[in-house]
Amino acid sequence: MRAACYYGPRNIKIEDMEIPEINDDEVLIETYTIGICPTDIRYYLGLKGESTYDNEKFTTGKDTYGLSGHEAVGKIVKIGKNVKKFKIGDFVVHETFTYCGECEFCKEGKINLCPNKKDIARGYSEYFKVPYKFLHLLPEDIDIDDAAFAEPLAVVLHAVKKVKNNSKDVAVIGAGPMGILISFALKLNGIDPAILEINENRRKFANELGFKNTINPEEEDFKNKIELITKYGFDGVISSIGGKGPLNLGLSITKPGGMFIIFGGTYPKDYIELDPNAIHYSEKIITGSSDHDYDDMEEAIEIIRKREIPLKKIVTKKFSLNELNNAFESVISGNEMKVQIKVK
Ligand SMILES: [Zn+2]
Ligand SMILES: [Zn+2]
């Protein structure tokens, strides 16, 4: 089979290698479509050592086959002896990580917080294996390319559920693929979000997708524009972008008593100075959102099946597996929205 292997920052090679052997609890998946995630870009740029998956050694060569590709859709072509829930020919998506199922977080369904979680992504490869426990079956009437949004949409749903129920005004920072996906998920919940984005092309793109309240936070009078939407700030602000700038911006436009959600990761690490009184007197809540739980994934699959979000419009470019370096570079350029790899 062909598989992408990592040979250092910005150096991916597509190599020929043996199809992996599976054990009794695993299935072999033939990859069809995979979406490129910011995590993959961090991996590609050699920043993965900074990630939370430090327990996995950051190596190079054939050991890295499939890279960090976790937004993969594929067909089961082989199953282990103990696999009863799935059969050959089933189309599936999988969790990004394994979890223990036994710790206090797993028992409460908060699998994304499991301290024993391990990365299982391998999708930039013609075949990869996954323990069946971490698979989700796709319905027959789902669009296979759209289904590559199952994981990112699940992660988005997880964040959107944190926005308080009675929220009226919500803002999203960043109109990249994740910011747009968050905005659509809010829309499904009856909220038309304001989107703050410095890149004019991305603001236009958001407008074309039907989001009218796009604001450039680098414009001097941007706070006046926000005041036209909401006098005291937003009930909820979700930042799809990590880093100090978006955090300071997000807190400054969160309503007293409102919630600011850090959705995007920050690489390399960064720190902010925070005035404790600003939080004390305003009762603003700062929280994070990371990964997803089992139900988020099932809900994402159902939204995709029902075509409730125009996902094909968010995909601006598709590449083959052989063109993976170019595909990653196109994401880094910032000129594309979601980029997908068609493996089969
Ligand atoms: Zn992802
Ligand atoms: Zn656990």
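**A tour from helix 12 to the sheet of strands 10 to 15**

Select Gly-334, which comes after helix 12 and has a positive phi, near 80 degrees. The model you are viewing is predicted.

Now step back to helix 12 itself, residues 324-332, and show the side chains of Leu-324, Ala-327, Phe-328 and Val-331, its buried residues. Look down the helix axis: these buried residues fall within an arc of 95 degrees, so they line one face of helix 12. In general, residues three or four places apart in an α-helix point the same way, because there are 3.6 residues a turn.

What do the buried residues of helix 12 pack against? Select strand 1 (2-6), strand 2 (12-16), helix 1 (38-44), strand 16 (315-320) and strand 17 (338-342).

Next, colour by domain: domain 1 is 2-153 + 292-342, and domain 2 is 163-288. Their C-alpha centres are 28 Å apart. Where they meet, 13 residues of domain 1 are in contact with 12 residues of domain 2. On the domain 1 side, helix 4 (150-160) and helix 11 (311-314) each give two or more residues. That side is made up of 7 nonpolar, 1 polar and 5 charged residues.

Move on to the open sheet of 6 strands, which pair in parallel in the order 12-11-10-13-14-15. Strand 12 (214-215) and strand 15 (285-288) are the edges; each has a single partner strand, so one side of each has no neighbour in the sheet. Zoom in on strand 14 (254-262), which pairs with strand 15 over 4 bridges. Met-259 has Ile-285 of strand 15 as its bridge partner.

Finish with helix 5 (177-188), which packs on this sheet and touches strand 10 (170-173), strand 11 (194-196) and strand 13 (234-239). The directions of helix 5 and strand 10 make an angle of about 165 degrees.

Key. Residues are numbered from 1 along each chain as its sequence is written. Chains are lettered from A and ligands numbered from 1 in the order in which they are written. This is a predicted model: local features need pLDDT of at least 70, side-chain atom pairs count only at pLDDT 80 or more; totals for chains, interfaces and linings use all residues. Domain bounds come from an automatic or database domain assignment. Two residues are in contact if their C-beta atoms, placed from the backbone, lie within 7 Å. Ala, Val, Leu, Ile, Met, Phe, Trp, Tyr, Cys and Pro count as nonpolar, Asp, Glu, Lys and Arg as charged, and the others, Gly among them, as polar. A residue is buried if 20 or more other C-beta atoms lie within 10 Å of its own, exposed if 12 or fewer, and partly exposed in between; C-beta atoms are placed from the backbone. The arc is that of the directions from the helix axis to the C-beta atoms. Two strands pair if DSSP finds at least two bridges between them. Axes are lines fitted to C-alpha atoms, for helices over the stretch in contact, and angles run from 0 to 180 degrees between N-to-C directions.
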